[in-house]
Amino acid sequence: MKHLLYILTFTLIYFQALSQHQEESGVNLRNFYKNKMHFGFALAYNKTDFRIHTVKNSAFPDTVIGDVTYGVKSIYTKSDPGFALGIISDFRLHQYLRIRVTPNISFASRSLDYTLQNAKRDSTKEYKKSVESTFIILPVELKLQSKRLDNFGAYIIVGGGYTLDLASKKKSQATGGANQLDDAVQLKRDDYYYSGGAGVDFYLKYFKLALELKILQGTKNLIQP
């Protein structure tokens, strides 16, 4: 994480320095950021994951496979790909500082890989549970941008927001089946997060295109007791 911050800071300073030699010829959308606000849309690829903290001496639920009762030996999490669609609302605070609101809907999935072991410890099984979510994400971010270098620019963003998992009600209902691992993952609906990232702006003839990398970190324990 520290190396990422160094890279983002260097990128911003680099564009800031080069922009001192900007040439006016062939510059697209020259007055783009002089407007107090502008709007757009976002398409995103995402990967979502759990962060697991095991509790010492916890009583994990057993599960039955065939006629054998298995207990949980270990749990690992794996991120799966997803995508998001959103609307961008960008408001000018200063020449190089803006506030951005980007409400979006995000379709995400992550997996839990269980290693199961029977009481005699002579038999193990692998079990994979997929946990899908549909998030409504409401972020507020500060955007610090560099001076333009012809038709290019760079920026960094910091912020936070609120997420609502529309699929949490479905995941919080017990199945009542023999496999108790399905009932063990019951998630809360609401979460708050903080975020950070960076991006590059490309000023084209009729619109601006931005490529951005951003990390979101939740703050709440999402598992239902």
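pLDDT is the predictor's confidence in each residue, from 0 to 100. Residues are numbered from 1 along each chain as its sequence is written. This is a predicted model in which local features need pLDDT of at least 70, side-chain atom pairs count only at pLDDT 80 or more, and totals for chains, interfaces and linings use all residues, while side-chain values use heavy atoms and leave out hydrogens and water.

**Exercise 1. Find where the model is confident and where it is not.**

Step 1: Begin with the whole protein, whose mean pLDDT is 82, with 80% of residues at 70 or more.

Step 2: Go down to the elements, where helices (H or I, at least four residues) and strands (E, at least two) are DSSP runs numbered from the N terminus. Confidence is lowest in helix α1 (residues 2–18), with a mean of 53, and highest in strand β7 (residues 152–165), at 96.

Step 3: Mark the weak stretches. Over residues 18–23 pLDDT stays under 50, and the model has nine contacts there beyond four places in sequence; a contact means heavy atoms within 4.5 Å. Residues 172–178 also stay under 50, again with nine such contacts.

Step 4: Take a caution along: where pLDDT is low, the predicted coordinates should not be read in detail.

**Exercise 2. Trace the strand pairing around β8.**

Step 1: Recall that two strands pair if DSSP finds at least two bridges between them.

Step 2: Look at β7, which pairs with strand β8 (residues 190–203) in the antiparallel sense over 13 bridges. Here G161 has Y193 in β8 as its bridge partner.

Step 3: Move on to strand β9 (residues 208–218), joined to β8 by eleven bridges and running antiparallel. D201 stands opposite A210 in β9, and a hairpin of four residues links β8 to β9.

**Exercise 3. Is S111 buried or exposed, and which side chain does S111 join through a polar contact?**

Step 1: Place S111 in strand β5 (residues 104–118).

Step 2: S111 counts as buried because its relative accessibility is 1%; buried means under 20% relative accessible area, exposed over 50% and partly exposed in between (1.4 Å probe, protein chains only).

Step 3: The side chains of S111 and D80 share a polar contact of 2.8 Å. Such a contact is a pair of N or O atoms within 3.5 Å; within protein, one must be able to donate a hydrogen and the other to accept it, and residues adjacent in sequence count only if both atoms are side-chain atoms.

Step 4: Beyond four places in sequence, S111 touches residues including Y76, K128 and S130.
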